[in-house]
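The following note sets out points for a colleague reading this model. It proceeds from the sheet to the helices and ends with the chain overall.

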Amino acid sequence: MTIHLVATLQPLVGAVDEGGGWLYSLLIKFGVAHGTARTVVDLIVRPVSIALVIIVALIAARYGSKAIRRLLERVGDQAASRSGSRRAGARVTTMGGVVANVWRFFVFVVAVAVILGQLGVDLAPLLASATIIGATLGFGAQLIVRDYFSGFLLTIEDQFAVGDTITVDSITGIVEDVTMRVTRVRSLDGSICFVPNGDIRLLANASRGWARAVVDLTLPGSAAVDLEQVRQLVADAAHRVAQRPDFVDHCTEPPVLVGFVAADATTLTLRVTLHTVPSQRDALTRALREEAIVALAQSEHWPAAADQALPPAST
């Protein structure tokens, strides 16, 4: 079977080696002289073929880029609706340009390879070398490729940006820089953490939309304590904080006294929350805790609160 196939293809292979291709072989079979057939192929068919390759490449590059941009715009609109970020549109425009350039480069490489094949350049050694090198780099750079791909998705979806406060695994801090490969986070103690984008699996962003200041007050438990009075004192303290000039514009909802969320033999835990904007959450939490502690310490109904809730006086 193999010998018969080789014998059948041998005339065509010989014609191709002499200068040919399928049209050259066809002209020879119709009795055209070898020189005339080679001239027809070199001066007419090959230039037309190269021109067609260039035209197809230009069309593919142009309309492929437009299709990529539209697809990414659709993905960006969905990401913006989920995250509520206005930056998603600008990010999608930027990444659309990057991906479109990659597509045009890919089309250019393929077109050049086809044109070289039309000119009779043997691409087999080049393709074999490129395949070996690509496979080697692929196995050796899997983590890098994963980081870049994850960075691309993070950028498209606009999950966080420079200046946002995020938590990644056990790291909490402010984002200082975002690249396609790594995210730089300044932690609360000032340390700089470099997080590969491929390692980001669970991320919490504390700088989007709204936030809630949550204060848990651990108070001494006693049968003589007037729990209703304690609730009223903490609720009044929360309302006073919400009405402060520096917080009144940032408290979007009235304070919520959740109530006692934990208790044991010696203590009670009272929780109060305030709905606010992310930038004011920490300051509001501190002010709310301080105001509640002072109110309990000054109350005649629970004088022991002053010793357990307030910090020791400095000398």
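Two strands are taken to pair if DSSP finds at least two bridges between them. The model discussed here is a predicted one.

1. Pairing of β2 and β3. Strand β2, residues 171–178, runs antiparallel to strand β3, residues 182–187, and the two are paired over 5 bridges. The connection from β2 to β3 is a hairpin through 3 residues. Two facing positions may be checked in the display: I174 lies opposite R186 of β3, and V178 lies opposite T183 of β3.

2. Pairing of β3 and β4. Here too the sense is antiparallel, with 5 bridges between β3 and β4. These strands form a hairpin with 4 residues between them, and within the turn G190 adopts a positive phi of about 95 degrees. V182 stands opposite P196 of β4, while R186 has I192 as its bridge partner in β4. R186 thus appears in two pairings, facing I174 of β2 and I192 of β4.

3. The sheet as a whole. In what order do the 5 strands of the open sheet lie? The order is β4-β3-β2-β1-β5, with antiparallel pairing. At the edges are β4 (192–196) and β5 (203–205), each of which pairs on one side only. From one strand to the next, the twist averages 40 degrees.

4. Faces of the edge strand β4. Which side chains of β4 are buried, and which are not? The side chains alternate along the strand: C193 and V195 point to one face and are buried, whereas I192, F194 and P196 point to the other face and are not buried. Two of the residues on the latter face were met above as partners of β3, namely I192, paired with R186, and P196, opposite V182.

5. Helix α6. This helix comprises 16 residues, 142–157, and spans 22 Å from its first C-alpha to its last, close to the 22 Å expected at 1.5 Å a residue. Its buried residues are D147, S150, G151, F152, L154, T155 and I156. The residue that follows α6 is D158, with a positive phi near 55 degrees.

6. Packing of α7 and α8. Helix α7 (residues 227–242) packs with helix α8 (residues 281–298) at an angle of about 140 degrees, and their axes are 9 Å apart. Because of that angle, α7 is classed as oblique to α8. Their crossing is right-handed. On the α7 side the contacts involve V230, L233, V234, A237, A238, R240 and V241; on the α8 side they involve L284, A287, L288, E291, A292, A295 and L296.

7. The chain overall. The protein chain contains 9 helices and 8 strands. Of its 315 residues, 32% count as buried. How much of the contact set with a separation of 6 or more comes from residues 24 or more positions apart? Such residues account for 61% of those contacts in the protein chain.

Terms used
Residues numbered from 1 in each chain as written. Predicted model: local features only at pLDDT ≥ 70, side-chain atom pairs only at ≥ 80, totals over all residues. Heavy atoms only, no water. Axes fitted to C-alpha atoms, helices over the stretch in contact; angles between N-to-C directions. Expected span 1.5 Å × (residues − 1). Buried < 20%, exposed > 50% of the residue type's maximum accessible area, 1.4 Å probe, protein only. Parallel < 35°, antiparallel > 145°, perpendicular 65-115°, else oblique. Left-handed = near helix turned anticlockwise from the far one by under 90°. Contact = heavy atoms within 4.5 Å.
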